[in-house]
Amino acid sequence: MVTMSNQTITAPKGFRVAAVKAGIKASGNLDLGLIVSDQVCPTAAMFTTNKVVGPAVVANRENVRSGRAQVLALPAFT
């Protein structure tokens with residue numbers, strides 16, 4: 001087993017993350033996050049079974065349908 005010294009989401013080489021204020025939250029806090037890979041890579045995800053889903057869920061379902069993706073969007077929890 002290999003232990004990474006950097007225990008954050010960006011620990012694997014070739015991945016970047018960002019969070020922005022996209023104007024979704026009335027508070028003005030960070031509300032949209034992205035996980036970006038330098039190249040298309042194998043992808044898997046689990047999604048809510050709720051009938052009402054946010055735009056990020058709709059986009060990510062389509063992005064991972066092929067089992068490969070380069071960008072995933074997610075709500076920024078702040």
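Where in the chain is A45 found? A45 sits in the loop that runs between β2 and α1. With that starting point, here are some notes on this predicted model.

1. **Overall layout.** Let me begin with the inventory. The chain contains one helix and three strands, and read from the N terminus its elements follow the order β-β-α-β. There are 78 residues in the chain, of which 15% count as buried.

2. **The sheet.** The three strands make an open sheet, ordered β1-β2-β3, with antiparallel pairing. At the edges are β1, residues 15-20, and β3, residues 68-74, each of which pairs on one side only. On average, and with direction ignored, neighbouring strands of this sheet are turned by 15° against each other. As general background for reading the two faces, side chains in a regular strand alternate between one face of the sheet and the other.

3. **β1 with β2.** These two strands pair in the antiparallel sense, over six bridges. If you would like a residue pair to find on screen, take F15, whose bridge partner in β2 is S37.

4. **β2 with β3.** Strand β2 covers residues 32-42, and its antiparallel pairing with β3 also runs over six bridges. Two places help to fix the register: V36 stands opposite V71 in β3, and I35 has L72 of β3 as its bridge partner.

5. **A salt bridge across strands.** How many salt bridges does the structure hold? The count is two. One of them joins the side chains of D38 and R16, with an N to O distance of 3.2 Å. This pair links distant parts of the chain, since D38 belongs to strand β2 and R16 to strand β1, with their positions 22 residues apart in sequence. Are the two partners buried, exposed or partly exposed? D38 has a relative accessible area of 48%, and because exposed requires over 50%, D38 falls in the partly exposed class. R16 is likewise partly exposed, with a relative accessible area of 48%.

6. **The other salt bridge.** Here the side chains of E62 and R65 meet, at 3.3 Å from N to O. R65 has a relative accessibility of 62%, so it counts as exposed, the cut-off being over 50%.

7. **The largest pocket.** I would look at this feature next. The volume of the largest pocket is about 450 Å³. It is lined by 20 residues, and those closest to its centre are A56, N60, A73, L74 and P75. Which element gives the largest share of the lining? That is α1, with five residues. At least two lining residues come from each of β2, α1 (55-64) and β3. By residue class, the lining divides into 16 nonpolar, two polar and two charged residues.

8. **The loop between β1 and β2.** A22 lies in this loop. A22 is partly exposed because its relative accessibility is 42%, which is between the 20% and 50% limits. In sequence A22 and L32 are ten residues apart, while in space their C-alpha atoms are 6.2 Å apart.

9. **Back to A45.** The residue from the opening question, in the loop between β2 and α1, is partly exposed, with a relative accessible area of 42%. A45 and R65 are 20 residues apart in sequence, and the C-alpha to C-alpha distance between them is 9.4 Å. R65 is the residue whose side chain meets that of E62 in a salt bridge, so a view centred on A45 and R65 would be a handy way to inspect both points together.

10. **R61 in the helix.** R61 lies in helix α1, and its relative accessible area of 31% makes it partly exposed. What separates R61 from A44 in sequence and in space? The two are 17 residues apart along the chain and 9.8 Å apart from C-alpha to C-alpha.

Technical notes
Residues are numbered from 1 along each chain as its sequence is written. This is a predicted model: local features need pLDDT of at least 70, side-chain atom pairs count only at pLDDT 80 or more; totals for chains, interfaces and linings use all residues. Side-chain values use heavy atoms; hydrogens and water are left out. Two strands pair if DSSP finds at least two bridges between them. Helices (H or I, at least four residues) and strands (E, at least two) are DSSP runs, numbered from the N terminus. Axes are lines fitted to C-alpha atoms, for helices over the stretch in contact, and angles run from 0 to 180 degrees between N-to-C directions. A salt bridge is a side-chain nitrogen of Lys or Arg within 4 Å of a carboxyl oxygen of Asp or Glu. Buried means under 20% relative accessible area, exposed over 50%, partly exposed in between (1.4 Å probe, protein chains only). On a 1 Å grid over the protein atoms alone, a cavity is a set of points where a 1.4 Å probe fits but cannot get out, and a pocket is an open set with protein on both sides within 12 Å along at least five of seven lines; lining residues have an atom within 4 Å of a point. Grid points are joined across faces, edges and corners, and a volume is the space filled by probe spheres set on the points. Ala, Val, Leu, Ile, Met, Phe, Trp, Tyr, Cys and Pro count as nonpolar, Asp, Glu, Lys and Arg as charged, and the others, Gly among them, as polar.
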